[in-house]
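Biologist: I am new to this structure and would like to go through it with you. Could we begin with the charged side chains?

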Amino acid sequence: MAITSANQLELLQTAEAVAREKMIDPGLVVEAMEESLARAAKSRYGAEMDIRVNIDRKTGRATFTRVRTVVEEVENYQAEMTQKEAKAYLADPQIGDEITDEVPPVEMGRIAAQSAKQVILQKVREAERDRQYEEFKDRAGTIIIGLVKREEYGNVIVDIGRGEAVLRRNEKIGRESYHPNDRIRVFIKDVRREPRGPQIFLSRTDPQFMAELFKMEVPEIYDGIIEIKAVARDPGSRAKIAVISYDSSIDPVGACVGMRGSRVQAVVNELQGEKIDIIPWNEDQPTFLVNALQPAEVTKVVLDEEAERIEVVVPDEQLSLAIGRRGQNVRLASQLTGLDIDIMTEEEESKRRQAEFVERTQLFVDKLDLDEFFAQLLVSEGFTSLEEVAYVDPSELLVIDGVDEGTAEELQARARDNIEAQNKKALEHAAELGVQQSLLDFEGLTPQMIEALAEDGVLSIEDFATCADWELAGGWTVANGERVKDEGLLEKFEVSLEEAQNMVMTARIQLGWVDPAELTGEDEADAPADEEGETMAAAEVKA
């Protein structure tokens, strides 16, 4: 087929038809045609030649040109020439100048025509993929309605208008089944650019799907008067959603429920009957947790902010309600608040308190040589350790019945003597284990801490500097799907994760492993998060 014998306008008409069908720029199709014709010309004139084709956007006329570039040293004489040679064509040729000569159009045989068609199709596919990615990349995190096309190995392929998306098996609500041409409302979870084209991943189990559904049903959320602070779901079964109102005249829970439950019921119906607890959000974590554990009643909450754990005491008859079927209620409350929750009954909490009382009483009886009644008085006043007795202001001891200044001095002297004896014993044991002076001189470690480290083989400041923060302070890992407690070497001394991080960093600075001058204010602000990331990574490796 000769390009000159074809209807030149047919090229433009074909380009426009393809562009309309694929919803892409006609110019991209014309560029693909130019490239395909250039390839065909190279096969005729020689692959080493730089042949370019330009199609006039108005007439459709295709112009074939040979391009030669001015270079210092010629490597390809078909596409390059020296400055001296270029003077025959240009008055003052410079390196990089291009000399073009028009060449006759080529005859396109069957193979060349097939190759040109493949090039055009490939370019059109690439343009279509780019258009699809650009269209959907900013729609991640929103809801879209599509048509079910087919199901492949449990994954549902959904037609979303200008492309296809996949609803994976683990992103479907368990009891749902789909048939071709079913209309389905889905959440665009992720849009990725991949070699085979953009991949659009959908979900109906993502917590944000529920949040977006409420935004559609509740105008106050859409307008920003009410905000969804947290969502926790057990897809298809139960969910909890925490909301807050920035207008004191609007009840956030009531607005989400709607008149006779109309708003929340619309969401429930979309989620195949998933029960939803709507909870008022509160900045105070214990109060928020009490709300999150509804419908169970809570009598007492003890929060450990450093460990991000919370203990909840409920009446004996409320225990099963607080935990929920298969732990569902407490699990959702934990996801909603971001806290690890320990639930115990009033009876269990009472027994634990009694055990702690007996243990502390016995400590003072044995170490301070007191009778049981006097030791119980100390515990009742809140004293829990020898250090508290030894170094507290004497006035705090004088408030105890029967304690005068002389008795207070004697109590503190006994406590200090006992602590010194324990320190001496601990240091002697550590020395027997081979602890080095560098660790003994490290500020922040008590003799008992040094003994505990030595018993685990940490004998020098170099050994200490290689420890991870969670190895010292303790933490939690996930093994076989269950949370497992990792006991820290210094956990019994109530060393927090942040304190462990600071001590390890100080040791590394002293050893010259870390240059403190490089730690800018910004780096220091980010350090806890980075350290925590290392902690989690190390914990996962350990698991």
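Modeller: Certainly. Please keep in mind that this is a predicted model. A good place to begin is a network of salt bridges that links Lys149, Arg150, Glu152 and Glu164.

Biologist: Which side chain does Glu164 meet in a salt bridge?

Modeller: The partner of Glu164 is Lys149, with an N to O distance of 2.5 Å. Lys149 belongs to strand β5 (residues 143-152) and Glu164 to strand β7 (residues 164-167), so this pair ties together parts that lie 15 residues apart in sequence.

Biologist: How accessible are Glu164 and Lys149?

Modeller: Glu164 is partly exposed, at a relative accessible area of 33%. Lys149 is also partly exposed, with 37%.

Biologist: How many salt bridges are there in the whole structure?

Modeller: A search of the whole structure gives 22. One of them joins Glu227 to Lys229, where the closest N and O atoms are 4.0 Å apart. Glu227 is partly exposed, with a relative accessible area of 30%, and Lys229 is partly exposed at 35%.

Biologist: Where do Glu347 and Lys351 lie?

Modeller: Both are in helix α12 (residues 346-368), separated by 4 residues, or about one turn of the helix. They form a salt bridge whose closest N and O atoms are 3.4 Å apart. An α-helix has 3.6 residues a turn, so residues three or four places apart point the same way.

Biologist: Are those two buried or exposed?

Modeller: Glu347 counts as partly exposed, at 43% relative accessibility. Lys351 counts as exposed, at 51%, because the cut-off for exposed is over 50%.

Biologist: Which residues of α12 are buried, then?

Modeller: The buried residues of α12 are Glu349, Thr361, Phe364 and Leu368. Gln362, which is also found in α12, counts as partly exposed at 41% relative accessibility. The C-alpha atoms of Gln362 and Ala375 are 7.6 Å apart in space, while the two residues are 13 apart in sequence.

Biologist: What span should α12 have, and what does the model show?

Modeller: With 23 residues at 1.5 Å a residue, α12 should span 33 Å, and its end C-alpha atoms are 32 Å apart, which agrees. After α12 comes Asp369, with a positive phi near 55 degrees.

Biologist: And what about helix α2?

Modeller: Helix α2 (residues 26-45) has 20 residues and should span 28 Å; the distance between its end C-alpha atoms is 29 Å, which agrees. Its buried residues include Val29, Val30, Met33, Leu37 and Ala41. Gly46, just after α2, has a positive phi of about 130 degrees.

Biologist: Let us change topic. Which residues have the most contacts inside the largest nonpolar core?

Modeller: They are Met210, Phe214, Ile228, Ile241, Ile276 and Ile278, in a core of 24 residues. At least two residues of this core come from each of α5 (207-217), β10 (226-234), β11 (238-245), α7 (252-257), α8 (262-270) and β12 (275-280). The element that gives the most is α5, with 5 residues.

Biologist: What does Ile276 touch?

Modeller: Beyond its neighbours within four places in sequence, Ile276 is in contact with Met210, Phe214, Ala239, Ile241, Val264, Val267 and Val268. Apart from this core there is another one, of 23 residues, with Leu439, Val458, Ala465 and Cys467 among them. In soluble globular proteins, nonpolar side chains tend to be buried together.

Biologist: Finally, how do α9 and α11 cross?

Modeller: The axes of helix α9 (residues 285-292) and α11 come within 9 Å and cross at roughly 145 degrees. The crossing is right-handed.

Biologist: Which residues meet there?

Modeller: From α9, Gln285, Phe288, Leu289 and Ala292 meet Asn329, Ala333, Leu336 and Thr337 in α11.

Biologist: Where in the model is Thr337, and is it buried or exposed?

Modeller: Thr337 is part of helix α11 (residues 328-337). Thr337 is buried, with a relative accessible area of 13%, because buried means under 20%. Leaving aside neighbours within four places in sequence, Thr337 contacts Gln285, Phe288, Leu289 and Ala292.

Conventions. Residues are numbered from 1 along each chain as its sequence is written. This is a predicted model: local features need pLDDT of at least 70, side-chain atom pairs count only at pLDDT 80 or more; totals for chains, interfaces and linings use all residues. Side-chain values use heavy atoms; hydrogens and water are left out. Buried means under 20% relative accessible area, exposed over 50%, partly exposed in between (1.4 Å probe, protein chains only). Contact means heavy atoms within 4.5 Å. The expected span of a helix is 1.5 Å times one less than its number of residues. A nonpolar core is a set of buried Ala, Val, Leu, Ile, Met, Phe, Trp, Tyr and Cys residues joined through side-chain atoms within 4.5 Å. Axes are lines fitted to C-alpha atoms, for helices over the stretch in contact, and angles run from 0 to 180 degrees between N-to-C directions. A crossing is left-handed if the near helix is turned anticlockwise from the far one by less than a right angle, and right-handed if clockwise.
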